Amino acid sequence: MTEPARELPQIAVACPMCDAAPGDLCTSHSGTRVRTSDTHQARTTAWSTSRKGGAR
Ligand SMILES: [Zn+2]
């Protein structure tokens, strides 16, 4: 079983899109499908925002 999404840095933050907890994979379509190869773009954005220290 390969889940390359688990290697992505943004997996360390929660996903604002599908509400995945930190360390969990993103799910799509009401949580019926796990996204094993990538995450939501919103999660990547949330990660880079938090990484910058929330400068806003
Ligand atoms: Zn997500």
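**Exercise 1. Where does L25 lie relative to β1?**

Before solving, note that the structure is a predicted model, in which local features need pLDDT of at least 70, side-chain atom pairs count only at pLDDT 80 or more, and totals for chains, interfaces and linings use all residues. Residues are numbered from 1 along each chain as its sequence is written.

Solution. L25 belongs to the segment before β1, where strands (E, at least two residues) and helices (H or I, at least four residues) are DSSP runs numbered from the N terminus. The next step is its surroundings: 19 other C-beta atoms lie within 10 Å of L25, so the residue is partly exposed, given that buried requires 20 or more other C-beta atoms within 10 Å, exposed 12 or fewer, and partly exposed anything in between, with C-beta atoms placed from the backbone. Leaving aside neighbours within four places in sequence, L25 is in contact with E3, A5, R6, A20, V34, R35 and T36, a contact being two residues whose C-beta atoms, placed from the backbone, lie within 7 Å. By contrast with a contact list, a C-alpha distance can be taken for any pair: L25 and A46, 21 residues apart along the chain, have C-alpha atoms separated by 15 Å.

**Exercise 2. Describe the architecture and dimensions of the protein chain.**

Solution. Begin with the elements: the protein chain has one helix and two strands, and their order along the sequence is β-β-α. Its radius of gyration is 11 Å, close to the 10 Å that the globule rule gives for 56 residues, so the protein chain is as compact as a globular protein of that length; the radius is taken over C-alpha atoms, and the rule is 2.2 Å times the number of residues to the power 0.38. Along the principal axes, the C-alpha trace spans about 35 × 20 × 15 Å. Turning to the interior, 18% of the 56 residues count as buried. Finally, among contacts with a separation of 6 or more, 48% are between residues 24 or more positions apart.

**Exercise 3. Locate R35 and characterise its environment.**

Solution. R35 sits in the loop between β2 (33-34) and α1 (41-51). With 17 other C-beta atoms within 10 Å, R35 is partly exposed. Outside the four nearest places in sequence on either side, its contacts are A5, L25, C26, T27 and S28. For A5, the C-alpha to C-alpha distance from R35 is 7.4 Å, although the two are 30 residues apart in sequence.

**Exercise 4. Examine D19, E7 and M1, and state whether each is buried or exposed.**

Solution. D19 lies in the segment before β1 (27-28), and its 11 C-beta neighbours inside 10 Å make it count as exposed. Its phi is near 70°, a positive value in a residue other than glycine. Most residues other than glycine have a negative phi. E7 is also found in the segment before β1 and is exposed, with 8 other C-beta atoms within 10 Å; its C-alpha atom is 9.7 Å from that of G23, 16 residues away along the chain. M1, in the segment before β1, is exposed with 3 other C-beta atoms within 10 Å, while the C-alpha atoms of M1 and T36, 35 residues apart along the chain, are separated by 9.6 Å.

**Exercise 5. Assess the confidence of the model.**

Solution. The mean pLDDT (the predictor's confidence in each residue, from 0 to 100) of the protein chain is 90, and 91% of its residues reach 70 or more. Among the elements, β1 has the lowest mean pLDDT (90) and α1 the highest (94). Where pLDDT is low, the predicted coordinates should not be read in detail.
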